[in-house]
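Here are some exercises to work through with the model open beside you. Try each task yourself before reading the solution.

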Amino acid sequence: MRHLLSAGDLSRDEATLVLDTARELAQVSSRSVKKLPTLRGRTVVNLFYEDSTRTRISFEAAAKRMSADVINFSVKGSSVSKGESLKDTALTLQAMGADGVVIRHGASGAARRLAGWVDGAVINAGDGTHEHPTQALLDAYTMRERMGRLEGLRVAIVGDVRHSRVARSNVLLLHTLGAEVTLVAPPTLLPVSVGTWPCGVSYDLDETLPKSDVVMMLRVQAERMRAAFFPSAREYSRRYGLDRDRFARLHDDAIVMHPGPMIRGMEISAEVADSPRSTITEQVANGVSVRMAVLYLLLGGSESAIGHNGS
């Protein structure tokens, strides 16, 4: 692996290596000294053209736990907001000697373009409505930790699939890892190309729930509300929200996931979000371990991922 641009680029062995490495690195979080010397002397740049506090902080924490130097490149107020192109910014990062660039950008394909302009590793932290591969990896990691396996798991991904890079990355990765994915959404919230995706499609959440081991609720993006993708928030919640009654249709071992931030009461009721079978807070913690694994595997530390505790 030189870059991580798409979940679809990962083979089963590569994806499993990331998950296994993340499990090793998760042990670091339980230590009194949470730092490893693994990436000392490496520089990681967070290049975020869109706001995303949680993803940026997760990558920053991951890099710092492995002793990398982190530069947060804020686009607001920078020369980028004055019209500097992505290529110019890439050349600046190249001149600074960035070993890894974590990019989030509003344009689909921006991460792939950047990878052609810099020598360092590029990690896609979300590009347009295209992909968000580390979110899919942390979701798969969370499923494997909770359910003990990925092979044969039946996963329902519910909601605004059309605008969701999380959904696309999850479908590709889970298919590679042997899970069966069903997308559940109104026809207006499914992408035109969904017929080419390696998954099933359903418009009926009530019918899908009893057959699911994992239910992943997607964020309904407020910016889509003004466009007429569905009649109203209330109507959406009535047909596609996960409330107590729907939760009761799941089998006893099934889990509920959400990439966050969630709209409580619309996509998911507070009762379900806070239940012991919800993995929402675990996903955040697992995100740091998974991103540590990705940075370690791409930036190739000079020693094993866990050599000693760096104390």
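## Exercise 1: Salt bridges

A network of salt bridges links Arg-56, Glu-60 and Lys-64. A salt bridge here is a side-chain nitrogen of Lys or Arg within 4 Å of a carboxyl oxygen of Asp or Glu. Before going further, note that this is a predicted model, where local features need pLDDT of at least 70 and side-chain atom pairs count only at pLDDT 80 or more, while totals for chains, interfaces and linings use all residues. Residues are numbered from 1 along each chain as its sequence is written, and side-chain values use heavy atoms, with hydrogens and water left out.

**Task.** Find how many salt bridges the rule gives, then look at the pairs Arg-112 and Asp-9, Glu-145 and Arg-23, and Glu-235 and Arg-238.

**Solution.**

Step 1. Start with the principle: side chains of opposite charge can pair when their charged atoms come close.

Step 2. Apply the rule, and the count comes to 14 salt bridges.

Step 3. Turn to Arg-112 and Asp-9, whose side chains meet in a salt bridge of 3.3 Å, N to O. Arg-112 lies in helix α4 (residues 110-115) and Asp-9 in the segment before α1 (12-26), so this pair ties together parts that are 103 residues apart in sequence. Helices (H or I, at least four residues) and strands (E, at least two) are DSSP runs, numbered from the N terminus. Arg-112 is partly exposed at a relative accessible area of 45%, and Asp-9 is partly exposed at 45% as well. For these labels, buried means under 20% relative accessible area, exposed over 50%, and partly exposed in between (1.4 Å probe, protein chains only).

Step 4. Next take Glu-145 and Arg-23, with their closest N and O atoms 2.7 Å apart in a salt bridge. This pair links distant parts of the chain, since Glu-145 is in helix α5 (residues 133-147) and Arg-23 in helix α1, 122 residues apart. Glu-145 counts as partly exposed at 37%, and Arg-23 counts as partly exposed at 42%.

Step 5. Finish with Glu-235 and Arg-238, a salt bridge with closest N and O atoms 3.2 Å apart. These two are three residues apart in helix α9 (residues 233-240), so about one helical turn separates them. Glu-235 is partly exposed at 25%, whereas Arg-238 counts as exposed at 55%.

## Exercise 2: The four-stranded sheet

**Task.** Work out in what order the strands of the four-stranded open sheet lie, and which helices pack on the sheet.

**Solution.**

Step 1. Trace the strands: the order is β2-β1-β3-β4, with parallel pairing. Two strands pair if DSSP finds at least two bridges between them.

Step 2. Locate the edges, β2 (69-74) and β4 (121-127), each of which pairs on one side only. On average, neighbouring strands of this sheet are turned by 15 degrees against each other, direction ignored.

Step 3. Zoom in on β3 (residues 100-105) and β4, which run parallel and are joined by five bridges. Val-101 stands opposite Val-122 in β4, and His-105 stands opposite Asp-127 in β4. β4 is mostly covered, with seven of its seven residues buried.

Step 4. Add the helices. Helix α2 (residues 53-65) packs on the sheet and touches β1 (43-48), β2, β3 and β4, its direction making about 180 degrees with that of β1. Helix α3 (residues 86-96) also packs on the sheet, touching β1, β2 and β3, at about 165 degrees to the direction of β1. Contact means heavy atoms within 4.5 Å; axes are lines fitted to C-alpha atoms, for helices over the stretch in contact, and angles run from 0 to 180 degrees between N-to-C directions.

## Exercise 3: Two domains

**Task.** Describe how domain 1 and domain 2 meet.

**Solution.**

Step 1. Set the bounds: domain 1 is 7-132 + 284-307 and domain 2 is 133-280, with bounds that come from an automatic or database domain assignment.

Step 2. Place the domains: their centres, taken over C-alpha atoms, are separated by 26 Å. The contact takes 33 residues from domain 1 and 29 residues from domain 2.

Step 3. Consider the area: the two domains bury about 2,600 Å² between them, 57% of it on carbon and sulfur atoms. Buried area is the accessible area (1.4 Å probe) that two parts lose on being put together, summed over both.

Step 4. Check the charges: the rule finds four salt bridges across this interface.
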